[in-house]
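Trainee: Before I use terms such as antiparallel or salt bridge in my notes, could we go through how each one is justified?

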Amino acid sequence: MKNNLVIPVVVIFIFIISGLITLNGDIIALSIPVIFYITVSLWFSPGKPKLDIKREISRNWVSTKCTVEVAINITNKGEKIEEFSFADPTPCGFEIIDGTNKILTSLSPEENVILRYSLRAKRGTHSITHAHICVSDNFGLFKTNFNYHLPFELYVKPPVKKYDSIPVRPPRTRGFSGPVPSRQSGSGMSFFAVREYQSGDSLRHINWKIAARHQSNLYTNVYQKDRVADIALILDSRSIVNSNSENESAFEHSVEATASLATSLLNDTHRVSLIVYGDSMRNVYPGYGKIQNENILKALSEAKPGFNYALNNLGYLPTRLIPPRSQIIFISPLVSNDIQVLSMLKMRGYAVMLICPNMIDFEVKSKKTKSNSVKDIHLKQATKLAGLQRAFRLKKAKRAGIVVIDWKTSESLPDKIKQTLKTNFANPYFGGKR
Amino acid sequence: MIHALTMITISLTTIVSTVLLLFSRYPSVALVTIFTGIIWLILEIVQNRYVASPSLVVFSIVSSVLIIFDTPPGAAAVVFGLAFTAWDLCRFKQRILVAGGLENSHLAASDHIKKLSLSVYPGLLLTIIAMNSTTVTINFYLLVATAGFALFIFYRALLLISK
């Protein structure tokens, strides 16, 4: 028996039983309206509905700030449906801005209903496979619930901040001209060296001051070739390194930083690749331009922190996917075992830059907003200890020749990168000029 | 509108049953209807979805008790009719709430009430007739003709509701 029929049947049962006990026919007669009610419901109970439902969405590849318009067109191809209820599920991370995704109506044959709503979603890949439909009689006693196959996929790319050009200095550059000084003489903008004049040299490049000192010879200024670089972005999505507060996840900051870096580096015409290393490994092979940027953003939209026993250690990082002696930008809060792997990469000839979001600062701030428990002395001590441990870890990485960017998520990352690189590139230890 | 109508029907059910019980042999039983009615009203205001069904069961028992207490003929049927209407309106309101409120519902409350009236009140009328009638001897052919006519009326009523 259907749940909705239980109460009317119980009422009929009460009247019949009490009528029989008291031998009073009037009490039994009270059940007549209920019987009428059930009969009418049964008469109008819906059969198998024939529906034609189509969903139209304005776009399925959006940023977090964009709204998506959804229109659902429902047409009844069968008999009249007394009560028709339609609900489009809202996955976690969806926010309906305008309109509604639910409707309760009656549908005559060939009647058409259009449901419109606009939504905004958090970063990620959101998919809906079915819409929930319920058809019933006038009084909701005889219901038929079913799911209508109505697939819908929405990719929400991470927010991208506009960064200025990020100066990188990999040991090896590629053949095309770009913004990275290649440590080779050739056509370029920045001064590299002076050599003896050779026939064919442009007169505009002759260094007249030196030529004046040497009466028999002429000297030419040589410039440094500016070339593009191979850059591998590695986003650490292991759940052991990423922490969450109630409202926000530190991982989102890392994803946003990776997306902004990728966009900025691709705008500088570099060849960029991406590895998301965590619960699974997602690669975007090296490439240039806008299509590569879209590929990277798509991969980042699917990135989520997770645990995979096989990928728990950074030692399994597939270095074969990274071009030799290229620039590696590793975005990770870091655990102690990772330093060894990064040092190993540095020793293999890669230029390694570590962007390390400060998880301790993030967690303390999230706790501060939650309550005033930060005053707690134990928490203070724990914060101090964790801070010391982290500082030691970063110092170890710096000693290994890794460019370390200690980034508080509340700070601007490009400013922090520039500030750090300004000091590092002046240091010959990192291959820069004095 | 539907909310106000539900409240009015619950109040009417409570008032009518209480007055009838106060003038019956055991006025103290009226406390049960007052208590049930108030609880039903309060929980309906806070949109509790589980209160309507137990309340209907209580008022059904109260209707049976009214017949046993020899209240005026048909009074029990009126109490039950009101309680049943209130229960149905509560369920209708719940269905609208589940669909996301009145703005998502294209179902008119007036249509629902019309259909409810056409499906419950003929039954209620039959009940009142049955309660007031005494045993009469009817010719068999007349009985068949009356039954046929009743069936025809019922069929027409169903067609009317379906439109």
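Mentor: What follows takes a few helix pairs and one contact between chains in turn, bearing in mind that this is a predicted model.

Trainee: Why are helix α4 of chain B and helix α5 of chain B called roughly antiparallel?

Mentor: The axes of α4(B), residues 75–98, and α5(B), residues 109–132, come within 10 Å and cross at roughly 160 degrees. An angle over 145 degrees counts as roughly antiparallel, and the two helices are therefore roughly antiparallel to each other. As for handedness, α4(B) passes α5(B) in a right-handed crossing.

Trainee: Which residues make that contact, and how do they divide by class?

Mentor: On the α4(B) side the contact includes Gly81(B), Phe84(B), Asp88(B), Leu89(B) and Arg95(B), while on the α5(B) side His112(B), Leu116(B), Tyr121(B) and Met131(B) are among the residues involved. By class, the contact has 12 nonpolar, four polar and two charged residues.

Trainee: What makes helix α3 of chain B and α4(B) roughly parallel or roughly antiparallel?

Mentor: Helix α3(B), residues 52–68, packs against α4(B) at an angle of about 175 degrees, with the axes 9 Å apart. Set against the limit of 145 degrees, that angle lies on the antiparallel side, and the pair is therefore roughly antiparallel. Among the residues that meet are Leu56(B), Phe59(B) and Ile67(B) from α3(B), and Val79(B), Phe80(B) and Trp87(B) from α4(B). The residues of this contact divide into 12 nonpolar, three polar and no charged.

Trainee: How do you know that Lys115(B) forms a salt bridge with Glu82(A)?

Mentor: The closest N and O atoms of Lys115(B) and Glu82(A) are 3.4 Å apart, and the cut-off for a lysine nitrogen and a carboxyl oxygen is within 4 Å, so the pair qualifies as a salt bridge. The structure holds 15 salt bridges over all chains. Lys115(B) lies in helix α5 of chain B and Glu82(A) in strand β4 (residues 81–87) of chain A, so this pair joins two chains.

Trainee: How many salt bridges are counted between chain A and chain B, and what area do the chains bury between them?

Mentor: The count between the two chains is two salt bridges. Chain A and chain B bury about 3,500 Å² between them, with 73% of it on carbon and sulfur atoms, and 37 residues of chain A are in contact with 44 residues of chain B.

How values were computed. Residues are numbered from 1 along each chain as its sequence is written. Chains are lettered from A and ligands numbered from 1 in the order in which they are written. This is a predicted model: local features need pLDDT of at least 70, side-chain atom pairs count only at pLDDT 80 or more; totals for chains, interfaces and linings use all residues. Side-chain values use heavy atoms; hydrogens and water are left out. Axes are lines fitted to C-alpha atoms, for helices over the stretch in contact, and angles run from 0 to 180 degrees between N-to-C directions. Helices (H or I, at least four residues) and strands (E, at least two) are DSSP runs, numbered from the N terminus. Angles under 35 degrees count as roughly parallel, over 145 as roughly antiparallel, 65 to 115 as roughly perpendicular and the rest as oblique. A crossing is left-handed if the near helix is turned anticlockwise from the far one by less than a right angle, and right-handed if clockwise. Contact means heavy atoms within 4.5 Å. Ala, Val, Leu, Ile, Met, Phe, Trp, Tyr, Cys and Pro count as nonpolar, Asp, Glu, Lys and Arg as charged, and the others, Gly among them, as polar. Buried area is the accessible area (1.4 Å probe) that two parts lose on being put together, summed over both. A salt bridge is a side-chain nitrogen of Lys or Arg within 4 Å of a carboxyl oxygen of Asp or Glu.
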